[in-house]
Amino acid sequence: MVSFRRKSKNEKTKDDAAPKADKPVVKSTTAPTKPPTLDDIPELVEQMLNSKGEKSAAATKRIYELCDVGHKQNRVPMVCSGKYDVLTPLAKCLTQESGDGRHLACLALNNLSIPTENKRVMALGPASKDVIGGLCKVIAEDKQESYLCCICLMNLSFLEASITSILQHSPSEKNLAPLDNPDSLLRVLEKLLTNSPAVPKSGSGKSEGVRWACGLIKNLAKSEENAALIGKTDIPKCVVENIRATTAPPSRWTSNSLEDFSLFVILNLAQWSGSRDALINAGAVEVVKPIMTEGDLQGLKATMACAFLGANWASFPDGGNPASKAAAELMTNIVEKKGKDGQYAYGVFKLYTATKAYRDLAIAAAKADSDDGSESNTKVLGFPSAVALCFQIISDLVLASTDDAEGGSKYVPDAMSAEYAAEAIEAMLPAILQVADPPRKSVQTEKAASEIAQMLITYADVAGTGPEAKASAKGAAAKIKESGSSARPILEISHDLWTQYRKREGQPLDQFISSEKGVEADMNGPLDFLPCANADSSCNIL
């Protein structure tokens with residue numbers, strides 16, 4: 001999220017950490033001598049709404065000063081206290097032809113959009129239509145403040161509940177759908193990207209607009225519904241071209257750069273079926289594939305994107321080892337709620353994104369195994385800690401769905417993550433069920449196979465489990481149960497790691513033990529219908 005102060009003519013806009021800039025000289029007949037306070041807001045709002053030109057701009061400047069870097073504590077009260085309505089007049093200022101008032105309104109809205117509490121009011125509250133509509137109009141008219149409006153919308157889109165309503169903003173008297181309305185935010189963003197120069201001058205208004213528009217689209221594309229709409233525009237082609245046209249190596253891409261945002265857009269669109277084909281048709285795999293060799297965040301994003309886009313196993317460098325390690329580590333970090341220093345913080349990636357990448361890698365590896373008749377490729381992915389994590393994700397969902405289960409998990413996975421984990425297990429079975437050398441009997445394998453198979457069968461019966469995941473879970477359960485007659489080292493170790501996790505979490509260890517038991521028979525039991533089943537009888541039961 002980006003915070004702003006007023007910039008001078010020879011200075012770019014910076015964030016909160018930037019040094020102070022000279023304040024703009026705005027002529028005003030009142031020439032206030034003291035800093036504004038929250039109590040001044042009603043008067044300033046009245047002046048903004050009922051005045052024009054310099055007087056209105058002066059009032060807007062005072063509103064901006066109330067929420068600038070030095071007055072962060074005012075931002076939430078200005079929007080959420082219910083005492084003031086600053087959003088409607090600021091949105092109205094966005095329609096002004098005068099540059100000063102419009103620019104100051106953009107700066108104020110940007111700063112107000114930063115606090116989490118404010119995002120919901122600004123994006124979903126009573127003034128949301130005016131705010132989003134005003135920002136969209138400035139972008140559509142290609143004003144010099146377009147990039148500020150993109151940043152403000154990006155700030156608001158960090159509230160996931162808002163991303164659908166933001167992208168589907170479509171002002172029209174005929175209630176046109178976003179794809180049918182040239183004034184919708186979707187079409188406005190598409191026009192901004194398609195009309196930009198092939199290589200816009202760095203730091204120019206046009207390049208900044210394109211850059212922050214891609215940052216906004218990165219957030220909006222997290223929704224499957226939004227991705228389906230974006231996939232029907234030229235936006236996928238544009239972001240792929242941004243990567244293709246860059247001359248900077250991935251190791252030098254900075255956070256929030258055009259390339260960084262564009263690769264994130266590709267990653268987010270690639271995981272949804274409604275936008276995946278548009279990227280494939282734009283040549284995304286060939287453009288992104290070389291980035292996988294990077295060992296940092298860009299390499300991770302490229303690896304997951306290629307997995308989503310169906311790249312074959314041979315496309316992943318070094319026999320898929322870096323890819324499998326990165327995907328498994330990402331799943332672990334998300335479940336354990338930690339980030340990776342210098343690359344990402346917890347919350348950047350969703351668990352369903354990581355598990356889907358891992359599943360798609362497993363499917364690619366399994367196909368390669370099928371082609372060459374071995375388990376060498378799935379073995380790269382099927383190491384015990386990763387397999388145990390998949391068991392953990394599935395069993396935690398089962399536990400969460402059972403009202404009377406004891407214990408719990410610090411991370412309750414979503415349904416999609418469990419589905420992808422089940423499908424990954426099925427794809428990795430050639431490696432998971434690899435027989436010990438030399439073959440031998442194993443009580444541990446028999447116990448592991450029975451318990452894991454029961455867990456997968458229980459998961460398949462959980463309400464809401466998709467048909468594909470249900471089939472994968474039942475298919476894997478059958479094969480795992482059949483394998484218990486011979487030692488399977490990876491299955492044993494994975495089961496042991498999963499059991500250790502459940503012990504740490506205080507979860508019931510008997511939840512998935514099979515209830516198939518033999519019938520006990522004694523003199524007073526099921527045989528008592530026999531004439532000799534009494535104490536006085538001389539019969540012997542052999």
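## Close-up views of a helical chain

**Figure 1. The loop that holds P438.** P438 sits in the loop that runs between α23 (429-432) and α24 (443-460). Like everything in these legends, this view comes from a predicted model. What is the form of the peptide bond from D437 to P438? That bond is cis, and its omega is near 5°. As background, most peptide bonds are trans.

**Figure 2. The chain as a whole.** To place the close-ups, it helps to know that the secondary structure comes to 26 helices and zero strands. The chain has 542 residues, and 52% of them count as buried. How much of the contact in the chain joins residues 24 or more positions apart? Taking contacts with a separation of 6 or more, such pairs account for 70%.

**Figure 3. Helices α1 and α2 side by side.** Here you can follow helix α1 (residues 41-50) as it packs with helix α2 (residues 53-66). The angle of packing is about 145°, and the two axes lie 8 Å apart. The crossing of α1 past α2 is left-handed. On the α1 side, the contact is made by I41, L44, Q47 and M48. On the α2 side, look for K55, S56, A59, T60, R62, I63 and L66. Sorted by class, the residues of this contact are six nonpolar, three polar and two charged.

**Figure 4. The second largest pocket.** This view looks at a pocket with about 600 Å³ of space. Its lining consists of 28 residues, and F158, K218, K222, F264 and V348 are the ones nearest the centre of the pocket. Which helices each supply at least two residues of the lining? They are α8 (146-157), α11 (205-220), α14 (258-270) and α19 (351-372). Of the contributions to the lining, the largest share is that of α14, with five residues. By class, the lining divides into 14 nonpolar, nine polar and five charged residues.

**Figure 5. D318 in its loop.** Between α17 (297-308) and α18 (321-335) runs the loop in which D318 is found. Have a look at the backbone here: D318 is not a glycine, yet its phi is positive, at about 55°. For context, most residues other than glycine have a negative phi. Is D318 buried or exposed? D318 counts as exposed because its relative accessible area is 62%, above the 50% cut-off.

**Figure 6. K337 in its loop.** Moving on along the chain, K337 belongs to the loop between α18 and α19. What is the sign of phi at K337? The phi of K337 is positive, about 55°, although this residue is not a glycine. With a relative accessible area of 45%, K337 is partly exposed.

**Figure 7. E225 and its surroundings.** Helix α12 (residues 224-230) carries E225. This residue counts as partly exposed, with 47% relative accessibility. Which residues does E225 touch, leaving aside its neighbours within four places in sequence? The answer is T164 and Q168, with which E225 is in contact. You can also find S275 in this view: S275 is 50 residues from E225 along the chain, and the C-alpha atoms of the two are separated by 9.8 Å.

How values were computed. Residues are numbered from 1 along each chain as its sequence is written. This is a predicted model: local features need pLDDT of at least 70, side-chain atom pairs count only at pLDDT 80 or more; totals for chains, interfaces and linings use all residues. Side-chain values use heavy atoms; hydrogens and water are left out. Axes are lines fitted to C-alpha atoms, for helices over the stretch in contact, and angles run from 0 to 180 degrees between N-to-C directions. Helices (H or I, at least four residues) and strands (E, at least two) are DSSP runs, numbered from the N terminus. A crossing is left-handed if the near helix is turned anticlockwise from the far one by less than a right angle, and right-handed if clockwise. Contact means heavy atoms within 4.5 Å. Ala, Val, Leu, Ile, Met, Phe, Trp, Tyr, Cys and Pro count as nonpolar, Asp, Glu, Lys and Arg as charged, and the others, Gly among them, as polar. On a 1 Å grid over the protein atoms alone, a cavity is a set of points where a 1.4 Å probe fits but cannot get out, and a pocket is an open set with protein on both sides within 12 Å along at least five of seven lines; lining residues have an atom within 4 Å of a point. Grid points are joined across faces, edges and corners, and a volume is the space filled by probe spheres set on the points. Buried means under 20% relative accessible area, exposed over 50%, partly exposed in between (1.4 Å probe, protein chains only).
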